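Here are a few exercises to work through with the model open beside you. Try each task before you read its solution.

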Amino acid sequence: MSLWGASDTDESKPKNLTTAEKKEVFATSKGWVREAGSILSGNDNTSATPEVLVAIGDLQTALGAADITSIDFNITTFDKSDGGTLSVTARFNEAVDVTGTPQLTVVNDQRTNHTLSYASGTGTNELVFTLAIPAANAATNADDVLSIGANAMALNGGTVKDAGTTTVSAITNSAAIGTAAGTITVVA
């Protein structure tokens, strides 16, 4: 059996974790850690020091540039008549620092795609992207299906770097990662 941390795939994360739990685990110089504020650690303080699950010195350096491991919608519904904010989280296998305003594309199967702008997360492994859409806006209609495609993120003149380094991360995601985010069907 290979050592945990041999690669940046979920299979290299601690084996006792479920797929959902692996989303909350990322690499640091100390090893595999669970995100601060996780309900699984029993500490809802998002400013707490991440919990070390498996100690492996300089793990994030061994993994190379940070990679996107999952993308998730932060909303479950979108109502055209009410409007609202599309919100998506892109998780990386290690903490990243952001400059500028990277963007993430949400595909609308019936209309022009939506471009969400970076909102928060620098210094962590989770970057949040948002776009406010006013009520009754022509950007969406009832029954439009919103999804995430492959290579959804663009630097837009900014950077996403491994935290504390100058290594610019690859900003690509596989179609499988986009598909795993699921879809949202717009309601009237």
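A nonpolar core here is a set of buried Ala, Val, Leu, Ile, Met, Phe, Trp, Tyr and Cys residues joined through side-chain atoms within 4.5 Å. Keep in mind that this is a predicted model.

**Exercise 1.** Find which residues touch the most other members of the largest nonpolar core, and work out which strand gives the most to this core.

*Solution.* Start with the core itself: it has 29 residues, and Phe-92, Leu-104, Leu-127 and Ile-148 touch the most other members. Next, look at the elements that give two or more residues: strands 4, 6, 7, 8, 9 and 13. Strand 6 (84–99) is on that list, and it tops the contributions with six residues. Finally, don't miss the other core lying apart from this one; it has seven residues, including Leu-17, Val-25, Ala-27 and Trp-32.

**Exercise 2.** Decide whether Ser-70 is buried or exposed, then list its contacts beyond four places in sequence.

*Solution.* First place the residue: Ser-70 sits in strand 4. Its relative accessibility is 7%, so Ser-70 is buried, given that the cut-off is under 20%. Skipping sequence neighbours within four places, Ser-70 contacts Lys-23, Thr-89, Ala-90, Arg-91 and Ile-177.

**Exercise 3.** Do the same for Thr-185: how accessible is it, and what does it touch?

*Solution.* Thr-185 belongs to strand 13. With a relative accessible area of 41%, Thr-185 is partly exposed. Leaving out residues up to four places away, Thr-185 touches Phe-78, Asp-143, Asp-144 and Val-145. As a last step, check Thr-166: 19 residues apart along the chain, its C-alpha and that of Thr-185 are separated by 39 Å.

Notes. Residues numbered from 1 in each chain as written. Predicted model: local features only at pLDDT ≥ 70, side-chain atom pairs only at ≥ 80, totals over all residues. Heavy atoms only, no water. Buried < 20%, exposed > 50% of the residue type's maximum accessible area, 1.4 Å probe, protein only. Helix = DSSP H or I, 4+ residues; strand = E, 2+ residues; numbered from the N terminus. Contact = heavy atoms within 4.5 Å.
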